Amino acid sequence: GRDTINVVGSSTVYPFSTVVAERFGKSTEFKTPVVESTGSGGGLKLFCAGVGEDTPDITNASRRIKASEVQMCADNGVTDIVEAKIGYDGIVFASDINGNTFKFTPEDWYKALSAEVVVDGEIVANPNKMWSDVNASFPEQPIQAYIPGTKHGTREVFEEKVILAGCEATGDFEAFKAANGDDKKAAEKQCIAIRTDGVSVDIDGDYTETLARIDSNKDGIGVFGLAFYENNTDKLQVATMSGIVPSTESIATGEYPVSRPLFFYVKKAHIGVIPGLKEYAEFFISDEVAGPDGPLSEYGLVADPELSDTQDAVANETGTNAH
């Protein structure tokens, strides 16, 4: 039988997972787990394909499993899934350290980047060119944004907690809903459609690419992970969002609005079959690894104040059938 743990899933969780896998291989008698980055949705598809050695033991996710995915799993005989919340990551809005300082709200970003906005009751192509067009208190600086490409899990958080939230706050959401025959899903889609006139650029690589863009265009404002920003405070300044400064503290308490919990899911049927599976899961969420002083914090994981609840759930192999 297979004696190496197979892990798939989220590209956001991938770096944390590889750090844990290497440490686990070194400090236990088990082999180093094999970790692949397939994206959250892709990982859940592979994970839910069935039970057995040719299917993954664990999938990482930068969002909670959906009811439809729990159902997909169940349809293929994957009935017991153990959920582990490993902590949080936060996304921040940072710009050149010598440039203008910004205090943003989701509304500002929606008005800056949405493909269409409502002006005098009419839905029009976004006319805003300067940050001062978006918000009179902002400087006359060209809008130039570098945002995560659509393959990144971070993009979902950006769309939902910033652009969509801003669309709702301005009231444009209601206008879009009315224009779409009261269809809420269609209105959401219209809210989060990003302008394609060059004002916003999708970054498909990692944060170093975003930093390089800002380095060559000092007006640029980029979306980054908190840890990346914290490692580059000599080059970047960070904006507040809705009056909150992003920090480990404000993200862990949920005060900073643009963050999300990160998870992994364990196939209970593989526990006791694939060597070291439960041990790996427990190792990952131990205080020593995922706690505030653990190695994952250096890579940008914001520790979960309720980590002990997750430790209990994994120890007891509690299922996620509640979702």
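Colleague: Where is the place of Gly205?
Modeller: Happy to start there. This is a predicted model, with local features needing pLDDT of at least 70, side-chain atom pairs counting only at pLDDT 80 or more, and totals for chains, interfaces and linings using all residues. Residues are numbered from 1 along each chain as its sequence is written, and side-chain values use heavy atoms, with hydrogens and water left out. Helices (H or I, at least four residues) and strands (E, at least two) are DSSP runs numbered from the N terminus; Gly205 is in the loop between β9 (200–203) and α9 (207–216).

Colleague: How many aromatic pairs does the count come to?
Modeller: Rings of Phe, Tyr and Trp (its six-membered ring) pair if their centres lie within 6.5 Å; planes under 30 degrees apart are stacked, over 60 edge-to-face, and the rest tilted. By this rule, the count is 20 aromatic pairs.

Colleague: Nice! Why is the pair of Phe93 and Trp109 tilted or stacked?
Modeller: The ring centres of Phe93 and Trp109 are 4.9 Å apart. Their planes stand at 45 degrees, so the pair is tilted.

Colleague: Which parts does that pair tie together?
Modeller: Phe93 lies in strand β4 (residues 81–96). Trp109 is in helix α4 (residues 106–113), so the parts tied together are 16 residues apart in sequence: β4 and α4.

Colleague: Is Trp109 buried or exposed?
Modeller: Buried means under 20% relative accessible area, exposed over 50%, and partly exposed in between (1.4 Å probe, protein chains only). Trp109 has 0% relative accessibility, so Trp109 counts as buried.
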